[in-house]
Amino acid sequence: MAACLGPLSEMRTVRTVLEELDEQNQPTRPETPDSNPNSTASTSISIMVMRHKVERIFPVYARGGLSPRSDPVGFSGSVVGDSIWDAVRLEAKAEAENEPILSSFLYASILSHDCLERALGFIIANRLQNNTLLETQLMDIFCDVLVQNRGIKRALRMDLQAFKERDPSCLSYCSALLYLKGYHSLQTHRVAHALWNQGRKVLALALQSRVSEVFGVDIHPAAKIGEGILLDHGTGLVIGETAVIGDRVSLMQGVTLGGSGKETGDRHPKVGEGALIGASVTVLGNIKIGEGAMIASGSLVLKDVPQHSMAAGIPAKVIGYVKEEVPSLTMKHDASKDFFEHVAIGYEGRSNGEDAA
């Protein structure tokens with residue numbers, strides 16, 4: 001526990017905490033003749049500078065800037081530091097100043113921790129705890145996996161960036177970390193998946209069950225999910241045991257990636273990188289959704305969908321091809337006429353197209 005929590009039993013005043021944070025972040029604050037280090041305006045400038053640093057330094061393939069896993073310097077490298085965590089702390093500090101009633105909550109959830117992994121472990125442990133799965137036990141589990149697993153350390157940052165960049169209602173990295181159940185569900189799955197691969201399947205299933213109860217998101221711990229994922233809203237999302245989801249995929253609420261019967265083995269969908277699956281889409285069976293494909297809301301997909309195509313209907317048929325846009329980044333999933341006029345070419349005119357009915 002000591003490794004995960006700050007000294008909550010020795011709570012200092014919020015002013016003291018904020019003053020210390022001011023001192024820690026002083027080198028990154030732009031120097032202006034009339035800057036006041038304790039002013040809200042100065043804090044806002046610091047946040048803007050930090051966000052600019054994140055955009056320039058942190059791998060931004062969640063928005064299409066880089067290829068997956070191609071960053072030359074790791075997210076926690078000694079050269080650039082952890083820009084995402086720095087941005088989260090600055091945002092939390094500003095929120096504490098603007099909403100003093102939340103200062104204790106923000107201190108306990110973010111400002112008392114020394115890294116993003118421990119803050120995340122604290123937050124999701126508090127949300128998932130019950131009378132038999134205690135907060136302290138869950139925190140130990142989460143912190144152990146999150147801090148030690150480098151793949152998850154990178155993925156949770158890529159996911160955080162995906163939520164911030166693609167969800168227009170997401171105000172900040174801090175708000176995604178604190179409040180968005182899609183993000184919490186996804187990171188809990190990453191922990192459960194690591195435990196599943198370690199042979200701790202009963203514990204992994206217990207976490208899956210709690211996430212389903214608390215967030216309404218049901219992801220089997222064996223499912224394989226890439227980086228830079230957005231689970232927008234998350235409510236009603238179901239992902240089966242042998243499902244595979246590539247990097248930079250966006251999934252809306254009510255999506256089902258399920259099997260089509262009682263068969264065992266590899267029986268769930270495979271979703272390619274950059275795909276966008278709209279609200280209440282059902283994809284059944286061991287079929288492939290190609291890279292950069294878009295499935296319109298409410299569709300029922302029973303056959304493979306080609307790369308960079310757009311499918312809609314019950315059952316779904318290919319109705320167009322995305323020309324250059326990456327659907328998961330544009331977040332346009334309504335199959336509207338305007339969409340096709342700007343980013344799609346006719347299905348009939350594509351010589352190698354196949355009907356996905």
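Is cysteine 174 counted as buried or exposed? At 2% relative accessibility, cysteine 174 counts as buried; here buried means under 20% relative accessible area, exposed over 50%, and partly exposed in between, with a 1.4 Å probe and protein chains only. The close-ups below come from a predicted model, in which local features need pLDDT of at least 70, side-chain atom pairs count only at pLDDT 80 or more, and totals for chains, interfaces and linings use all residues. Residues are numbered from 1 along each chain as its sequence is written, and side-chain values use heavy atoms, with hydrogens and water left out.

**Close-up A. Two cysteines without a disulfide.** A disulfide is a covalent bond between the sulfur atoms of two cysteines. In this model the term stands for a pair of cysteine sulfur atoms within 2.5 Å, and the structure holds zero of them. For cysteine 170, the nearest cysteine sulfur is that of cysteine 174, 9.7 Å away. Cysteine 170 is buried, its relative accessible area being 8%.

**Close-up B. A salt bridge in helix α3.** Side chains of opposite charge can pair when their charged atoms come close. A salt bridge here is a side-chain nitrogen of Lys or Arg within 4 Å of a carboxyl oxygen of Asp or Glu, and the structure holds 11 salt bridges. One of them joins glutamate 97 to lysine 93, with the closest N and O atoms 3.2 Å apart. The two residues are four apart in helix α3 (residues 83-98), so about one helical turn separates them. Helices (H or I, at least four residues) and strands (E, at least two) are DSSP runs, numbered from the N terminus. Glutamate 97 is partly exposed at 21%, whereas lysine 93 is buried at 1% relative accessibility.

**Close-up C. A salt bridge between helices α5 and α7.** Glutamate 117 and arginine 157 meet through their side chains, 2.4 Å from N to O. Because glutamate 117 lies in α5 (residues 116-128) and arginine 157 in α7 (residues 150-166), the pair ties together parts that are 40 residues apart in sequence. Glutamate 117 is buried at 1% relative accessibility, and arginine 157 is buried with a relative accessible area of 1%.

**Close-up D. Helix α10, with a salt bridge and a serine.** Arginine 210 and glutamate 213 form a salt bridge, 2.8 Å from N to O. Both lie in α10 (residues 201-215), three residues apart, about one turn of the helix. Arginine 210 counts as buried at 11% relative accessibility, but glutamate 213 counts as exposed at 54%. Serine 212 also lies in α10 and is partly exposed, with a relative accessible area of 29%. Neighbours within four places in sequence aside, serine 212 is in contact (heavy atoms within 4.5 Å) with Val217 and Asp218. The C-alpha atoms of serine 212 and valine 238 are 9.3 Å apart, with their positions 26 residues apart along the chain.

**Close-up E. Helices α6 and α9 crossing.** Two packed helices are described by the angle between their axes and the distance between the axes. The axes of α6 (residues 135-148) and α9 (residues 181-197) come within 10 Å and cross at roughly 80 degrees. Ile141, Phe142, Val145 and Leu146 in α6 meet Thr188, Val191, Ala194 and Leu195 in α9.

Conventions. Axes are lines fitted to C-alpha atoms, for helices over the stretch in contact, and angles run from 0 to 180 degrees between N-to-C directions.
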